[in-house]
Amino acid sequence: MSDTIFHKIIAREIPATIEFENDTLIVIRDINPQAPFHCLIIPKKTIRSIQQLEPEDSHILMEMISTAQKLAKDNGFDSKGYRLIMNCEEWGGQTVFQLHMHMLSGTHLSGGFA
Ligand code: 5GP
């Protein structure tokens, strides 16, 4: 059983600013934002990283993308654009080992990575 900070947020054991939630995923504001809009789209199913995704999880990935589309519309930057990032394991810069996607926008993002 995995027990990351994101599991604790999902279980309401620690606080977070929740932007959206349904049975599949939760969206929270990143505690250390790298852009004016920086959210984390986190599936509720315990999946350590991209490397542990299975074909049966494809609907989760699609729901993460459609949630990003909805957030972009709701926040008025669907035509301006945004950046989605998934860090995988240590070399990819992952620090919380529950699958998540960064969503950044609110300004013209530079060429760097989150
Ligand atoms: P990673 O480096 O694993 O791709 O991203 C983890 C992200 O989680 C980081 O951007 C970090 O700022 C964010 N984060 C870490 N701890 C917390 C927390 O307790 N609350 C929130 N809202 N974000 C967190």
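This report describes the fold, the core and selected residues of a predicted model of one chain.

## Overall fold

The chain contains two helices and five strands. Read from the N terminus, these elements follow the order α-β-β-β-α-β-β. Among them are helix α1, residues 5-10, and strand β1, residues 18-21. Strand β2 covers residues 25-29, and helix α2 covers residues 58-74. Strand β3 takes in residues 37-43, strand β4 residues 83-85, and strand β5 residues 101-105.

The radius of gyration is 14 Å, which agrees with the value near 13 Å for a compact globule of 114 residues. Along the principal axes, the C-alpha atoms occupy a box of roughly 40 × 30 × 30 Å. Buried residues make up 35% of the 114 in the chain. The exposed surface comes to about 6800 Å², and 53% of this area is supplied by carbon and sulfur atoms. Among contacts with a separation of 6 or more, 51% are between residues 24 or more positions apart.

## Strand β5 and its partners

Strand β5 is mostly covered, with five of its five residues buried. This holds for both faces: M101, M103 and S105 are buried on one side, and H102 and L104 on the other.

Strand β5 pairs with β3 in the antiparallel sense, over five bridges. In this pairing, F37 stands opposite S105. Strand β5 also runs antiparallel to β4, to which three bridges join it. Here H102 of β5 is the bridge partner of I85.

## Nonpolar cores

In soluble globular proteins, nonpolar side chains tend to be buried together. The largest nonpolar core of this model has 15 residues, and those with the most contacts inside it are V27, F37, I41, M64, L71 and M103. Strands β2, β3 and β5 and helix α2 each give two or more residues to this core. Helix α2 gives the most, with five residues. A second core of seven residues is separate and includes F6, I9, I26 and I42.

V27 shows how parts of the chain meet around the largest core. Beyond its neighbours up to four places away in sequence, V27 touches T17, I18, E19 and F20, as well as C39, L40 and I41, and also T67 and L71.

## The loop between β4 and β5

Q98 lies in the loop between β4 and β5. With a relative accessibility of 0%, Q98 counts as buried, because the cut-off for burial is under 20%. The side chain of Q98 has a polar atom 2.9 Å from the backbone oxygen of P43. It also reaches the backbone oxygen of K45, at 2.8 Å. Apart from residues within four places in sequence, Q98 is in contact with T4, F6 and H7, and with I42, P43, K44, K45, T46, I47 and R48.

M86 belongs to the same loop, between β4 and β5. Its relative accessible area is 24%, so M86 is partly exposed. Leaving out residues up to four places away in sequence, M86 touches I50, L61, M64, L99, H100 and M101. M64 is also one of the residues with the most contacts inside the largest core. From M86 to M103 the C-alpha distance is 9.2 Å, with their positions 17 residues apart in sequence.

## Backbone and other loop residues

Most residues other than glycine have a negative phi. R12 has a positive phi, near 60°, and is not a glycine. R12 is found in the loop between α1 and β1 and is partly exposed, at a relative accessible area of 48%. E89 is likewise not a glycine and has a positive phi of about 60°. The place of E89 is in the loop between β4 and β5.

G76 sits in the loop between α2 and β4. Its relative accessibility is 53%, so G76 counts as exposed. The C-alpha atoms of G76 and G106 are 9.1 Å apart, and the two residues are 30 apart in sequence.

Definitions and conventions:
Residues are numbered from 1 along each chain as its sequence is written. This is a predicted model: local features need pLDDT of at least 70, side-chain atom pairs count only at pLDDT 80 or more; totals for chains, interfaces and linings use all residues. Side-chain values use heavy atoms; hydrogens and water are left out. Buried means under 20% relative accessible area, exposed over 50%, partly exposed in between (1.4 Å probe, protein chains only). Helices (H or I, at least four residues) and strands (E, at least two) are DSSP runs, numbered from the N terminus. Two strands pair if DSSP finds at least two bridges between them. A nonpolar core is a set of buried Ala, Val, Leu, Ile, Met, Phe, Trp, Tyr and Cys residues joined through side-chain atoms within 4.5 Å. Contact means heavy atoms within 4.5 Å. The radius of gyration is taken over C-alpha atoms; the globule rule is 2.2 Å times the number of residues to the power 0.38. Accessible areas come from the Shrake-Rupley method with a 1.4 Å probe; for residues, only the protein chains shown count as cover. A polar contact is a pair of N or O atoms within 3.5 Å; within protein, one must be able to donate a hydrogen and the other to accept it, and residues adjacent in sequence count only if both atoms are side-chain atoms.
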